[in-house]
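Got the viewer open? Here is a short tour, one selection at a time.

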Amino acid sequence: MSSALLSSHPAEHIDLELKRLVDQEQLDANSDYDIKIFTDGSKIEGRVGAALSVWSGEVETKALKLALPSFCTVYQAELLAICKAAWMAAEHSPSTRSVGIYSDSLSALDTITNSSALHPLAVEARGYLRKALNQSKCISLFWIKAHAGLEGNERADYLAREAATESKTRFDYESCPVSFVKRSIRMRSLDKWNLRYREGETAGVTKVFFPDAVAAYRIISKIEVDRFVTQVLTGHGGFSEYLHRFKCKESPSCACDPPCSESVFHLLLDCPIHLYDRLECEMRLGLSF
Ligand SMILES: [Zn+2]
């Protein structure tokens with residue numbers, strides 16, 4: 001189902017405040033919760049993991065590692081971890097009155113707290129947070145500075161790295177990011193285009209310069225292509241051989257020697273009329289023979 005349909009009715013919108021904590025002192029001043037949940041996401045050498053470290057007072061009471069497939073982004077991992085924390089906040093025993101959730105990903109937290117953001121994980125997380133608030137639990141969301149030596153954050157970071165590198169047979173989350181889908185579709189259409197180009201019987205001259213359409217695209221997009229370059233790269237231009245083919249010129253011969261056809265390759269590589277131009281070009285390119 002589309003996440004737009006799952007999104008809450010405006011009347012059910014919840015106000016989620018996000019506080020920023022940059023050092024141990026600020027963290028200590030915002031630690032007075034029955035449980036504190038530190039979350040983190042990680043991507044190491046293409047492998048993705050997320051983790052939660054749950055604390056009661058000064059003690060870690062639960063550590064949870066989540067594995068994601070390699071096409072997922074760190075952002076998805078961060079969102080998944082916060083979503084799981086929100087679920088814990090809602091499902092934890094009713095005796096838990098207050099929960100603090102701490103993440104070092106501002107982008108993920110912003111997505112969760114922005115009620116118009118429709119990422120499925122954010123919509124799901126807001127559902128759990130609403131449920132927890134309806135149970136009169138006090139829920140607070142915090143952004144904490146990463147790599148600042150803050151204990152819970154360091155622990156979640158460590159667990160997320162472990163979750164990413166451990167080999168798992170099952171993933172805890174498997175949705176593709178839109179960027180991955182777009183890239184895959186693009187790659188597939190490029191492959192199809194390339195196949196058609198390589199197998200097609202046209203563009204004989206162009207294929208000598210560019211045997212591969214994808215590689216050609218990369219080069220062409222970086223150079224300035226004017227009408228002369230186009231004529232040379234395609235062979236479709238004022239060359240006797242070409243004009244003769246379309247009966248626009250009586251003979252395909254080059255002016256240098258009647259038996260020689262005036263083709264792009266003859267002009268570029270062999271024609272003595274352009275010998276000096278060719279030599280000058282080779283010198284400028286630093287070619288020596
Ligand atoms: Zn010639």
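Two strands pair if DSSP finds at least two bridges between them. Keep that in mind and select strand β2 (residues 35-44) together with strand β5 (residues 98-103): five bridges join them, and the two run parallel. Everything you see here is a predicted model. For a single spot to zoom in on, take I37, which stands opposite I101 in β5.

**The whole sheet**

Now widen the selection. β2 and β5 belong to an open sheet of six strands, in the order β1-β6-β5-β2-β3-β4, and the pairing is mixed. Which strands stand at the edges? They are β1 (18-21) and β4 (59-68); each has a single partner strand, so one side of each is left without a neighbour in the sheet. Look along the strands and you'll see the twist: on average, neighbours are turned by 25° against each other, direction ignored.

Next, add helix α4 (residues 106-113), which packs on the sheet and touches β1, β5 and β6 (138-144). The direction of α4 makes about 150° with that of β6.

**Two hairpins**

Move over to β2 and β3, which run antiparallel and are joined by nine bridges. One place to check the register is D40, whose bridge partner in β3 is A51. The two strands form a hairpin with two residues between them, and in the turn E45 has a positive phi of about 45°.

Carry on from β3 to β4. Nine bridges join these strands as well, and they run antiparallel. Here S53 has A63 in β4 as its bridge partner. This hairpin, too, has two residues between the strands, with G57 taking a positive phi near 65°.

While you're there, colour β3 (residues 47-56) by accessibility: eight of its ten residues are buried, so the strand is mostly covered.

**Rings across the sheet**

Show the aromatic side chains. The whole structure has seven aromatic pairs. Start with F38 and Y102: their ring centres are 4.6 Å apart and their planes lie at 20°, so the pair is stacked. F38 sits in strand β2 and Y102 in strand β5, 64 residues apart along the chain. Are these two buried or exposed? F38 counts as buried at 4% relative accessibility, and Y102 is buried at 0%.

Stay on Y102 and add F142. This pair is stacked as well, at 4.9 Å centre to centre with 15° between the planes. It links strand β5 to strand β6, where F142 lies, across 40 residues of chain. F142 is buried, with a relative accessible area of 1%.

To finish this stop, select Y33, F38, W55, Y102 and F142 together: ring pairs link these residues into a cluster.

**The zinc site**

Last stop: centre on the zinc ion. What coordinates the zinc ion? The donors are C254 (SG), C256 (SG), H266 (NE2) and C271 (SG), at 2.1 to 2.3 Å. Angles among the four donor atoms run from 102 to 117°, and the site is tetrahedral. Along the chain, the donors follow the spacing C-x1-C-x9-H-x4-C.

Pick out C256 and H266 to see how the site brings parts of the chain together. C256 is in the loop between β7 (253-254) and β8 (257-261), while H266, ten residues away, is in helix α12 (residues 264-270). Now switch on accessibility: C256 is partly exposed, with a relative accessible area of 27%, whereas H266 is buried at 7%.

How values were computed:
Residues numbered from 1 in each chain as written. Predicted model: local features only at pLDDT ≥ 70, side-chain atom pairs only at ≥ 80, totals over all residues. Heavy atoms only, no water. Donors = N, O, S within 2.8 Å, 3.2 Å for Na, K, Ca; no water. Tetrahedral: all angles 85-135°; square planar, octahedral: opposite > 155°, others 65-115°. Helix = DSSP H or I, 4+ residues; strand = E, 2+ residues; numbered from the N terminus. Buried < 20%, exposed > 50% of the residue type's maximum accessible area, 1.4 Å probe, protein only. Axes fitted to C-alpha atoms, helices over the stretch in contact; angles between N-to-C directions. Contact = heavy atoms within 4.5 Å. Phe/Tyr/Trp six-rings, centres within 6.5 Å; stacked < 30°, edge-to-face > 60°.
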